[in-house]
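Student: I should like to learn how to read the features of a protein model in a systematic manner. May we work through one example together?

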Amino acid sequence: MSEDSIKPFDAIIIGSGQAGNPLASALADEGWKVAIIEAAHPGGSCINFGCTPTKTMIASARAAHVARNANKVGVHVGNVSPNLQKIVARKDDIVESFRVSTKQNLVNNDNISLIEGKAFFKNKNSVEVALNNGGRLSCTAEKIFINTGTIPNIPALKGLDEVPHHTSTTLLDVTEIPEHLVVLGGGYIGLELGQMYSRFGSEVTIIESGDQLMAKEDDDVAEEMKDILEGEEINVLLNLSVKSVSRLSSGKVKVHFDNNAVRDITCTHLLLATGRKPNTAELRLKNAGVQTGEHGEIVVNERLQTNVEGIYAVGDVKGGPMFTHISYDDFRVVRDNLLKNGSHTTNDRMLPYTVFTDPQLGRIGLSERQAREQGKNFEVKKLMMENSSRGVETNHTRGFLKSLVEKDTGKILGFAALSHEGGEIASMVQIAMMGGLKAEQLRDAIFSHPLYAESLNKVF
């Protein structure tokens, strides 16, 4: 296409993620002519380097862990030897199948034009695309939706430019098991990948500058998670800031700390699990007058509208909780308001999430810390999984269930399940909260014995 090619559309969607794709289909099904612009692969972070590839490989790591520990339930197996080449190949096959399916859903709709290239704003109604196959294309529309997601947040660390290092994206393509993996960052991504590679056979050290893992979680949850990881011989270092990194003649990486009393660490692989930031730097949002926050996130209202009429932001790019299911709900908010004359907003929506360590951490509602900050009058009940019949029978006794209940009303304020299938257990409590059930109704409910669900009787 020539540089002066201009194509008009009813809507332009920049980014083919978990909000943009269903929105494109919904608008197209109503007769809108839609351009969806994607710089890399359809599907967004979830399919390409987030949920799908990580959970696929975590499943392989768990299989290795179960095999190694089978003797604890009376089953003896031989040498367990994960084949990382086959594990990565399986991951790649699944990712590719999801990409193909996603792309087909878009290109098979006559009202959708999939444009492959990098987009930036020319003005509030016009976007220019540097096409992947060469040339440029200008697109115009009265409605523009930004769904460009996030990119890794690379710390300003002395020496980093001179040493080999990985993000959560690039590490998943390594086909030889790291001898010693150092993870910078004790958040959700760092814990999931740290445990995964430990189970593949790597020595793993997790370094967190704060005083606990998973900074947003309650102290007891974070401490229990630390105990679980250390029980698998993962080295967890807290309250440590990295001063610099350097490359040794052997090709290994040395990590140097601010605290001179702490010995430097040498590793073969360095993972930067230091968070993600909104992918807005190359969008030239100023050309459209779109307001951004201090971290580059696009500022939106409860209907996901920016300060510029006709421009919306959906998914992780707007900041806030960065979860696929929140991105998908963003799609529903926009769809209902545009196509159904609805009044759907992001106000007061539930925020469930699951950390896919083993055991999982499933969360819904308020944490104990948040409840105290809000001045709630509540009580906390806990059930250690070593006291769960199902946990004992299946040899999944690590972790606990924790409920927060408002004293005066019996309302369930929050729930944490650090347990086997913790995400599924927390989802049961979420459904109860959605239905307005009180704690006593779960306490007295009849659940099949012996399920994890039955543990809700005890914890409530």
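Student: Which residues of strand 2 are buried on one side, and which on the other?

Tutor: Please keep in mind that this is a predicted model. The general idea is that side chains in a regular strand alternate between the two faces of the sheet. In strand 2, residues 11-14, Ala 11 and Ile 13 are buried on one side, and Ile 12 and Ile 14 are buried on the other. Both faces of this strand are thus covered.

Student: To which strand is strand 2 joined, and by how many bridges?

Tutor: Strand 2 runs parallel to strand 3, residues 34-38, and four bridges join the two. Within that pairing, Ile 14 has Ile 37 of strand 3 as its bridge partner.

Student: How should I read the order of a sheet? In which order do the four strands of the open parallel sheet stand?

Tutor: One reads the order from one edge across to the other. Here the order is 11-10-9-15, and the pairing is parallel. Strand 11 (235-237) and strand 15 (269-272) each have a single partner strand, so each is left with one side that has no neighbour in the sheet. On average, and with direction ignored, neighbouring strands of this sheet are turned by 15° against each other.

Student: Which helix packs on this sheet, and which strands does it touch?

Tutor: Helix 5 packs on the sheet and touches strand 9 (180-184), strand 10 and strand 15. The direction of helix 5 makes about 165° with that of strand 10.

Student: How many bridges join strand 10 to strand 11?

Tutor: Three bridges join these parallel strands. Ile 207 stands opposite Leu 237 in strand 11.

Student: What is the order of the strands in the antiparallel open sheet?

Tutor: Three strands form that sheet, in the order 12-13-14. The edges are strand 12 (242-247) and strand 14 (265-267); each has a single partner strand, so one side of each lacks a neighbour in the sheet. The average turn between neighbouring strands of this sheet, direction ignored, is 25°. Five bridges join strand 12 to strand 13, residues 253-257, and these two run antiparallel. Val 242 stands opposite Phe 257 in strand 13.

Student: Let us turn to empty space. How is it located, and how much lies in the second largest pocket?

Tutor: Rolling a probe the size of a water molecule over the atoms shows where empty space is left. In this model, the second largest pocket holds about 630 Å³ of space. It is lined by 25 residues, of which His 65, Asn 69, Lys 72, Arg 199 and Arg 398 are the closest to its centre. Helix 3 (51-68), helix 5 (188-200) and strand 10 (203-207) are the elements that give two or more residues to this lining. The largest share, four residues, comes from helix 3.

Student: How do the residues of that lining divide by chemical character?

Tutor: The lining of the second largest pocket has five nonpolar, 11 polar and nine charged residues.

Student: How many cavities of 30 Å³ or more does the structure hold?

Tutor: There are three. The largest cavity contains about 50 Å³ of space. Among the residues that line it are Pro 152, Thr 167, Ile 189, Leu 272 and Arg 276. Its lining divides into four nonpolar, four polar and one charged.

Student: Finally, how is accessibility read for single residues? Is Asp 330 buried or exposed?

Tutor: A residue counts as buried when its relative accessible area is under 20%. Asp 330, placed in helix 7 (residues 324-339), has a value of 0% and is therefore buried. Leaving aside residues up to four places away in sequence, Asp 330 touches Leu 304, Val 314, Gly 315, Lys 318, Thr 346 and Arg 349.

Student: Where does Thr 56 lie, and what does it touch?

Tutor: Thr 56 lies in helix 3 and is buried, with a relative accessible area of 10%. Residues up to four places away in sequence are again not counted, and Thr 56 then touches Cys 51, Arg 90, Lys 91 and Ile 94.

Student: What is the relative accessibility of Gln 374?

Tutor: Gln 374 has 49% relative accessibility and counts as partly exposed. Gln 374 lies in the loop between helix 8 (368-373) and strand 20 (378-384).

Methods: Residues numbered from 1 in each chain as written. Predicted model: local features only at pLDDT ≥ 70, side-chain atom pairs only at ≥ 80, totals over all residues. Heavy atoms only, no water. 1 Å grid on protein atoms, 1.4 Å probe; cavity = no way out; pocket = protein on both sides within 12 Å on 5 of 7 lines; lining within 4 Å. Points joined across faces, edges and corners; volume = space filled by probe spheres on them. Nonpolar A, V, L, I, M, F, W, Y, C, P; charged D, E, K, R; others polar. Pairing = 2+ DSSP bridges. Axes fitted to C-alpha atoms, helices over the stretch in contact; angles between N-to-C directions. Contact = heavy atoms within 4.5 Å. Buried < 20%, exposed > 50% of the residue type's maximum accessible area, 1.4 Å probe, protein only.
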